[in-house]
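Visitor: I would like to go through some of the labels attached to this model and hear the reasoning behind each of them.

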Amino acid sequence: MASIPKLSTLITWALYFIPIYLFVVDPLLRGFFPSLLPASDSKDDLFDETGGPGPGINLTDDTFISPEDGVPFECPDAEGYKVHLLSRTPLIIYIENFVSENEANRILETSLDKYTPSIVYDGQTERVDPTKRLSDRALLPRDDTVRCLEDRARAFQGWRPNLYIERMWAQRYNTSGHYRHHYDWAGSLARGGDRLSTFMVYLDADCEGGGTNFPRLKMPAGEGWCRFLECDRRQDGKEEEIEGITFKPIKGNAVFWENLRPDGTGYPETWHAAFPVTKGTKVGLNIWSWYQPKWKNR
């Protein structure tokens, strides 16, 4: 007859299992098997706007969030942009001229002396791992240009309640720079907050390669998309076909997508990567929108 494990053994197992469940099992369940999760009282329960604040990040922490603090700013370089709907579910929109030439150049100038190696986060620790992510990043100061982009990102999404623009980072990819496939969402909305949406903006594209690949999306019909997507789906001239779709880096343009379903689970279709730059330099700008819902008073 099998013996009962000692209490110390059970505690050790729990210490190992809890972080594995929180940061590995739970996100996978929410991303790929949402039907296996317990049903809530309402489909929109996680997006309730009437209760008290959620238990997520401290929304007064201006090292993570860019609060609407009433500081005046001007947007002299703002120009009109064009939108092209690529997908409704998940919502993916391609935006021409989202950032003007002057705005892009201003950010490139202000970020120049601020770059440090980009990190990866595994749910517990931050580390530099060039096998997964090889680039440099720069935290941008909240000058008029950055505040204008924050305002533009809020307006684009309809000034949604409980949506907060994260501090912006410029991402520089030199030759061989890349970021392997990953999600921007973490499956953490039920525990307090998560990234509802992403703008991937191209600030500089003096490069070859460096496309943004979504292997789980289908190539849209219409030759017009070849202006923005790699229609020759062979990589480096090889016969092996690239999966999904790949956006070309084009200065000033952006890709917007929603990361989360209405029930708070992540879209697996948003699995994406930055393909290696084969020549030159690409600089991108991440504009992430953090959604921290209010929780119902019970």
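Visitor: Why is Tyr-81 called partly exposed?

Guide: In this predicted model, Tyr-81 has a relative accessible area of 33%, and because partly exposed covers the range between under 20% and over 50%, Tyr-81 is given that label.

Visitor: What makes Phe-98 buried?

Guide: The relative accessible area of Phe-98 is 0%, and since buried means under 20%, Phe-98 is classed as buried.

Visitor: Why is the pair of Tyr-81 and Phe-98 called tilted?

Guide: Their ring centres are 5.5 Å apart, with the planes at 55 degrees; pairing requires centres within 6.5 Å, and planes that are neither under 30 nor over 60 degrees apart count as tilted, so this pair is tilted. Tyr-81 sits in the loop between strands E1 and E2, whereas Phe-98 is in the loop between strand E3 and helix H2, 17 residues apart.

Visitor: What makes Phe-199 and Phe-256 a tilted pair?

Guide: The same cut-offs apply: the centres of these two rings are 4.7 Å apart and the planes stand at 50 degrees, so the pair is tilted. Phe-199 belongs to strand E12 and Phe-256 to strand E15, 57 residues apart, and both residues are buried.

Visitor: How do you know that Arg-167 has no salt bridge?

Guide: The nearest side chain of opposite charge, Asp-62, is 5.4 Å away, and because a salt bridge must fall within 4 Å, none is assigned to the buried Arg-167. The side chain of Arg-167 does, however, reach the backbone oxygen of Asp-62 at 2.9 Å.

Conventions
Residues are numbered from 1 along each chain as its sequence is written. This is a predicted model: local features need pLDDT of at least 70, side-chain atom pairs count only at pLDDT 80 or more; totals for chains, interfaces and linings use all residues. Side-chain values use heavy atoms; hydrogens and water are left out. Buried means under 20% relative accessible area, exposed over 50%, partly exposed in between (1.4 Å probe, protein chains only). Lys and Arg count as positive and Asp and Glu as negative; His and the chain ends are not counted. A polar contact is a pair of N or O atoms within 3.5 Å; within protein, one must be able to donate a hydrogen and the other to accept it, and residues adjacent in sequence count only if both atoms are side-chain atoms. Rings of Phe, Tyr and Trp (its six-membered ring) pair if their centres lie within 6.5 Å; planes under 30 degrees apart count as stacked, over 60 as edge-to-face and the rest as tilted. Helices (H or I, at least four residues) and strands (E, at least two) are DSSP runs, numbered from the N terminus.
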